[in-house]
There are 4 protein chains.
Amino acid sequence: MIIIMKDNASAKEIEAVEKTLEDFGFQTHPIYGEKKTVIGAIGDKRQLSMNQILLMSGVENVVPIMKPYKLASKELQKEQSVIDVGRGVKVGGSKLAVFAGPCAIESQEQFTTIARQVKDAGANILRGGAFKPRTSPYSFQGLESEGLEIMYNSGKECDMPICTEVVDTRDVELVAKYSDILQIGARNMQNFKLLREVGKCGKPILLKRGLACTMEEWLMSAEYIMSEGNENVILCERGIRTYETATRNTFDISAIPVSKELSHLPIIADPSHATGTYKYVPSVAKGAVAAGADGLMIEVHNCPEKAASDGPQSLKPEKFAALMKELDVIAKAVGKTLL
Amino acid sequence: MIIIMKDNASAKEIEAVEKTLEDFGFQTHPIYGEKKTVIGAIGDKRQLSMNQILLMSGVENVVPIMKPYKLASKELQKEQSVIDVGRGVKVGGSKLAVFAGPCAIESQEQFTTIARQVKDAGANILRGGAFKPRTSPYSFQGLESEGLEIMYNSGKECDMPICTEVVDTRDVELVAKYSDILQIGARNMQNFKLLREVGKCGKPILLKRGLACTMEEWLMSAEYIMSEGNENVILCERGIRTYETATRNTFDISAIPVSKELSHLPIIADPSHATGTYKYVPSVAKGAVAAGADGLMIEVHNCPEKAASDGPQSLKPEKFAALMKELDVIAKAVGKTLL
Amino acid sequence: MIIIMKDNASAKEIEAVEKTLEDFGFQTHPIYGEKKTVIGAIGDKRQLSMNQILLMSGVENVVPIMKPYKLASKELQKEQSVIDVGRGVKVGGSKLAVFAGPCAIESQEQFTTIARQVKDAGANILRGGAFKPRTSPYSFQGLESEGLEIMYNSGKECDMPICTEVVDTRDVELVAKYSDILQIGARNMQNFKLLREVGKCGKPILLKRGLACTMEEWLMSAEYIMSEGNENVILCERGIRTYETATRNTFDISAIPVSKELSHLPIIADPSHATGTYKYVPSVAKGAVAAGADGLMIEVHNCPEKAASDGPQSLKPEKFAALMKELDVIAKAVGKTLL
Amino acid sequence: MIIIMKDNASAKEIEAVEKTLEDFGFQTHPIYGEKKTVIGAIGDKRQLSMNQILLMSGVENVVPIMKPYKLASKELQKEQSVIDVGRGVKVGGSKLAVFAGPCAIESQEQFTTIARQVKDAGANILRGGAFKPRTSPYSFQGLESEGLEIMYNSGKECDMPICTEVVDTRDVELVAKYSDILQIGARNMQNFKLLREVGKCGKPILLKRGLACTMEEWLMSAEYIMSEGNENVILCERGIRTYETATRNTFDISAIPVSKELSHLPIIADPSHATGTYKYVPSVAKGAVAAGADGLMIEVHNCPEKAASDGPQSLKPEKFAALMKELDVIAKAVGKTLL
C-alpha cells in the first residue's frame, strides 16, 4: 500500500507510521518530496485493514495496491472457468447457456408446459422461483418446498438442469437436494452467512449482482463462496439501481468486459429483471450476447397477464423462440453458438 | 388505481379491462377524452398486482392510488409511536435516544470501558457488533456468541439496554435472548425471511435503511416485521449509495421529514456509517437532530486506530462527550432534550 | 391529468379543484371512492403546470397522462427519422453511421492522418473537438477557431461530413459555418439557451445525453431544438453517472430500445466516453449495435499516449479497423450494414 | 503521483516510465516489491495529464497525490473567506446569509411585496429569477431584462443586495449591471465558458452544485471562476440526483463539512430545490444550519398556487417568518446569529 502523508507531517509522525508498518511485516520505502512525504509499503497482507494506518497522526490517505479478492481474480487463474452444471450443460464455454422459465413456479402443469416450450426454443437450463423475495409481505411468496418438487419433476422430465433461488440459510440443504444450480438473488448478494452456507453445498452457484453493488463488492461476494471451497460461481448482471425510471433498473453492459478483465468466472445477463418490461428484453439480450456474455437468463411465461409475479417482464413462449433465433445469429457473429 | 389506455385503444380493449377490474371487485369509472380513455378503479385491494392490468391489450400505464403499506403508515395511526426498549429508555419521545458504542465487540474489558464512557457522556443505549457483516471473507467477522455474552454483561453492569445486529435467521432466538433491541443491517433490509423471523421475536427492532432502498421499500420492510405482530420498529437512516465518493455514503437528511410525513415510526440517524469519517460525524449528527431525528447511533471507540472494524469513523470518548453537549443545545432548540 | 385527493378532502375542496380545472379549459370527471376521491381532467394543456393544482387544499397528488414532449414523440411521427448530414451520409437508415476521430484536434497533420485512417477503416463521419469542455481550467481547452479550420480542411480532403462540439451561444454561427453536424455535449444538454441557438442554425444536431439526465429530460432537450424549427436531431447515449467506478460512466444500453419506443429520432452510442477505457470500447460498441443503435461515435487516435485529451479511451487506428470488421458482422446479424 | 506497475511489468517498461516522468521534471523513486513495482514521482505538475503515463506499457494504475484545485483549496488559504456582497451584507461570517424570494420574477408589484415580506422576516439578500432554465420549451422562461429591472428596483427600495441567475455568456454584462450576486445554476455548473465569463464580471458569484457533480468537480468549477481573478465565490448545495423519488433531489448535508475540510469558500444550502416540496423545507433548513452552513437560500411566494414556476416548493411569507425564528435559535446553538 501507499501512504500519503499530510503536507505538514512531522518527522516523528512519519517515523511512527513506518514503525507500525514494519511491525506488521511490511518493508517501507519513504519518498521525501518538497511538500509531501509518501511511504511505499511492500507486502501482501490482504487481511490487514488500512484503517489503522489511515488513523495515525499525519496521515492524509492510504492507497491499496493489491486487489482485495484472490480466488475470483485473474491473478490466480488466467483462463476462463467453465462450469459443469449437470445433464451435459456447461456455463462459460463457446456454447451460450440460456436459463429460461417463469419468475415463480405456480403448478406442475404450468411449469412443465413452459419447460417444454423453452427447451423446444433452445434454452438449456430451467429457471423458476420456489422461494420468492417480494417487496411486499402481502404478495405471493412462492410455493416453497412444493415448488422445489415441481421443479425437480419438470427438470427430470425435460432433461434440463434446474436453477432456483435460496433465500434462507436454513433452506440451503433442501434447495441443494432438489436443484442443480442455487441462485443467490440481488437482495442477498451481501448476505454473507448465506454466501458461506452455499459455499459448502457442493452445487454451482449463480450469484446475481446486488442492486447497488460495485464490481469489486460483487467479486468479494464470489470470494466468500469460493473461500468455502466452492469454485463454481456464475456471475449474473441484472441491472443496477440508478436515477433513471424508464426501466426498472439500468443494465450495466460494461459489467461484461470489466468482469472478464478482472475475473475468470463466467458471466451471464438477465435482461428481464434489468429492464422490467418485456418490450426491452430482446434488445438488451442481443446487446449482452454481442458484448461477450456467457449466457442469458430470461423470464418466459405462457400467460404473463396471469403470472403470480413479474408478468410485465416475461416473454411469451413464441416471442422467446423468435428471440432465440435472432440471438443465435448474433452469437455466431461473436464466435459462439446458442442453438 | 387509475388505468391509462393507449391513444388508439379500441372499445373492445377498454371493455375487457373494465371487465377484469370488475371481476376483482373494483368499481370502474371510465373517462373518455378526445385522445385517451382513462379508467378509474375504486377498491382497496392492496394484494392485487397491477401487473395483470398493465399487460392487457391497449393499456399504456397503471397508476396506484393507495400506499402499499398499511401498518407502518400514518393512515392507520396518526400519532408518533414511542417504543419502550427496556431499562426505562424510550425511543420516539421528546428525549432523544443515543445509541453509542464500538463497531465490533472485541473483549469484555474493551466493551465495558467504552460502555461506561458513553454512559457518562449521556448515551442511553449501548451498541456493538457480535455478528459482523464484512465485505471481505478475510476480515474479522465478530466474536459471535461470545460477543453477545460480553455485551449482555456490560449492559447489565452499566444498566443500559443493548442493541446488536442479527444477520442469520438461525441466530434470531439467541440474539433476542441476550439483547434488548435487534438490529437489521442495511445489507439485510430486504432479507425478507430475516424480517419475518425478527417479527416474531418479541423485542424491538432497529431497521437500517438499505444502501439503495427507497423510502417506500424501507417502509415495506417495516411492514414485513409489523405484519408478524411486532409493532416496535425503529427506522435508522445510515446514508444511501450515490455517485459521490468524498463520503462513504450520502446521508439523506430528508428521510427524516419524509418518514414523519408517511409513517408513525420513530427514526434515528447514524452519521458514522453515513460519512465513514469521524471528522464529518459531528456536523451530520447536529444536522439530523435539528431536522427532527428521534435519536442517533454513533460509533465510539477508545482506540480507533486499533479497532477491529470501522476505526476511521469512530469518535474517541472525549470527542463524543464534547459532541453530546453541543447536541443537547441543538435538541433544546427544537423542543427536545438529550442529556 | 388525474388528481388524487386526500382521504379526508372535503366536498368544498373537491369543488374548488374542479372549478380551477374547468377555468383552464379542462373537462372534469370526479370518481368518488369509499376513502378517496379522484378527479380525471381531460384536455391537452401541456404548457399548464400541474403545480397549481398540486398546491390546492385537499390535493394529495397529480398524475400526468400526456407526455411533455410532442415534436420528438412517436405520437407525432410513427416512422423513424432519417437525417441527411451531407456528403451522401444519412443517420437513422439501415446503414450505420460511424463517427470517428480524435477527442481533440491537435494539428492539421494529426487530424488529416487520423481522418484518412478512420475513413479507410469504414467510418463515414469525422469527429474532433475544437472547443473542449474540460473539468480543469488548467487543462488544454482546444484550438478553437483554428481547430475548426483544420477540421474543415480534413473533411473536405477526405470527403467526410464533420461533427464538432459547440459550447457557447456566441460560437454557434461560426461552428455552423465550418461543420456539418453540431454536437451538444453532455454537460450542455440542459443549457437551454444553447439548445435554442442551435435550433436556429440549420445544421443537424448531435445531442448527447446529460450525465444524470432521464430519458424524458433528454427528449425535452431535443424538443427545445425542434421547437425552433430544426428537426434534425440525433440522440447520442454516452453513459450516465452511477455509483460504479470501474468505468468512467455506466453505458445505459436500454436507452436504445426506450428511445425507439418513445421517439422517432435516431440514436447512436458513444462507448469511448461511456467506459473511459479503450479496453472496454469494443465490447460496448458491439452490444450497442446488436441492441439496435443507429450508429456509433468512437474516439481514435494514432498516438493515444500523447493525446492532448482523453487518450486512455482512444483506440489506435489498427484496433479501430479490426473492430469495424467485427461490428459489420454484428450489424448484418441485426439486418443492417456498416461497411 | 504514484505509478503502480502491472505484476509482470518488465525492467524495460519500468525504465521507460521513469524516463518519461523525468523528462517532465519529476523525480522518480521506484520501489521494487515481490510482485509489483511502484514508482513514486515527486513534483507539482497539476497541468500534466496522468493519461500519458497511464497508457504506457506495463502500467496498471496512476494515483494522484495533489488535489487538482489550488485557489479554492485550504492549502492556499487556511482561514474561511468572508465575501462582501454589498449593502453591508457579508457571506461566510458568523451572521448567516439568508437569500429569499420567489423562484421567478413575475411583476414589480409581486416582487416588491415579497421582498418586503422576506426582509421583515429577517432575510438579508433578495433572490429571484429573470432568466429561467426550464426543462420544457413550453414553460414560462422568465421576464428576462424586464425582470432584471424589476429586481433592481425592489432591491433598491428594500435596501437589499440582489442575486439572480445568468444562463448565457451574452447576458453576463447585463446581469452584472443590475445585480449584486450572479448565480450559476446547477445545470450550468460545468458550462465552462460561462464560468470564465462570470470570472471576469467583478461581482460575487453564487455557484450551485451540479445535479450529479462531485465535490471535486464543484471545486474545480469554482477554480475556473477564481482563475479569472474573481475570488468571491459562494458555494450552494441544492441537492444531488439519486435513485430516491420521495424528494426531487437528495440534499447532501455532508457537503457542508466536506467543503469546510477542503476549501475556504463559504457554503450555503438551498432546501427548496433540494426537496421540491415546501413541507420538507423547514426540516432540511434547520439541519443545514446546525451542520454549519453559512446561509440559506429559500423560495418564498405570497401565492404559491399561482406561482409561474416552482410553486410546490415555495413557502408562504408567514411560514417563512416562523421558520426564521426557529432557525435563529438553532444558529445560536452553533455559535452564529441569523436575525
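# Strands, helices and axes

Visitor: What makes strands β1 and β4 of chain A a pair?

Guide: In this predicted model, strand β1(A), residues 2–5, is joined to β4(A) by 4 bridges. Two strands pair if DSSP finds at least two bridges between them, so 4 bridges make β1(A) and β4(A) a pair. The two strands run antiparallel. As for single positions, I4(A) stands opposite N61(A), which belongs to β4(A).

Visitor: What makes β2(A) and β4(A) the edge strands of their sheet?

Guide: The sheet is open and has 4 strands of chain A, in the order β2-β3-β1-β4, with antiparallel pairing. β2(A), residues 27–32, and β4(A) each pair on one side only, and these are the edge strands. On average, neighbouring strands of this sheet are turned by 20° against each other, with direction ignored.

Visitor: Which helix packs on this sheet, and which strands does the helix touch?

Guide: Helix α1(A), residues 11–23, packs on the sheet and touches β1, β2, β3 and β4 of chain A. The direction of α1(A) makes about 160° with that of β2(A).

Visitor: Where does β4(A) lead, and what stands in the loop that follows?

Guide: The loop between β4(A), residues 59–63, and β5(A), residues 83–86, holds K78(A).

Visitor: Is K78(A) buried or exposed, and how do you know?

Guide: K78(A) has 7 other C-beta atoms within 10 Å. A residue is exposed at 12 or fewer, so the count of 7 puts K78(A) in the exposed class. The C-alpha atom of K78(A) is separated by 9.8 Å from that of E261(A), and the two residues are 183 residues apart along the chain.

Visitor: Into which domains is chain A divided, and what separates their centres?

Guide: Domain 1 of chain A covers 2–63 and domain 2 covers 83–333. Taken over C-alpha atoms, their centres are separated by 45 Å.

Visitor: What makes β10(B) and β11(B) a pair, and is the pairing parallel or antiparallel?

Guide: The threshold is at least two bridges, and 3 bridges join β10(B), residues 181–184, to β11(B), so the two strands pair. They run parallel. Q183(B) has L206(B) as its bridge partner in β11(B).

Visitor: Which residues of β11(B) point one way, and which the other?

Guide: I205(B) and L207(B) point one way from β11(B), while L206(B) and K208(B) point the other way. All of these residues are buried, a class that requires 20 or more other C-beta atoms within 10 Å.

Visitor: Why is helix α8 of chain C called mostly covered?

Guide: α8(C), residues 255–262, has 8 residues, and 6 of them are buried. The buried residues are A255(C), I256(C), P257(C), V258(C), S259(C) and K260(C). They pack against α7, β12, β13 and α10 of chain C, and also against α10 of chain A.

Visitor: How many residues does the contact between chain A and chain C take from each chain?

Guide: The contact takes 35 residues from chain A and 35 residues from chain C. On the chain A side, α8, α10 and α11 each supply at least two residues. α10(A) gives the most, with 8 residues. By class, the chain A side has 20 nonpolar, 10 polar and 5 charged residues.

Visitor: Why is the relation of chain A to chain C called that of a two-fold axis?

Guide: Two copies of a chain are related by a rotation about an axis and a shift along it. Here a turn of 180° and a shift of 0.0 Å along the axis lay chain A on chain C with an RMSD of 0.0 Å. That turn and that shift are the relation of a two-fold axis. In chain A, the C-alpha nearest the axis belongs to G287(A), at 1.9 Å. The same surface serves both copies, since 100% of the contact residues of chain A recur in chain C.

Visitor: What turn and what shift lay chain B on chain C?

Guide: The turn is 180° and the shift along the axis is 0.0 Å, with an RMSD of 0.0 Å. Y243(B) comes closest to the rotation axis among the residues of chain B, with its C-alpha at 2.0 Å. For this pair too, the same surface serves both copies: 100% of the contact residues of chain B recur in chain C.

Visitor: Which strands of chain B supply residues to the side that touches chain C?

Guide: The contact is between 18 residues of chain B and 18 residues of chain C. β1, β2 and β3 of chain B each supply at least two residues of the chain B side. The largest share, 3 residues, comes from β3(B). The chain B side has 8 nonpolar, 4 polar and 6 charged residues.

Notes: Residues are numbered from 1 along each chain as its sequence is written. Chains are lettered from A and ligands numbered from 1 in the order in which they are written. This is a predicted model: local features need pLDDT of at least 70, side-chain atom pairs count only at pLDDT 80 or more; totals for chains, interfaces and linings use all residues. Copies are superposed by least squares on the C-alpha atoms of residues with pLDDT of at least 70 in both. Two residues are in contact if their C-beta atoms, placed from the backbone, lie within 7 Å. Ala, Val, Leu, Ile, Met, Phe, Trp, Tyr, Cys and Pro count as nonpolar, Asp, Glu, Lys and Arg as charged, and the others, Gly among them, as polar. Axes are lines fitted to C-alpha atoms, for helices over the stretch in contact, and angles run from 0 to 180 degrees between N-to-C directions. Domain bounds come from an automatic or database domain assignment.
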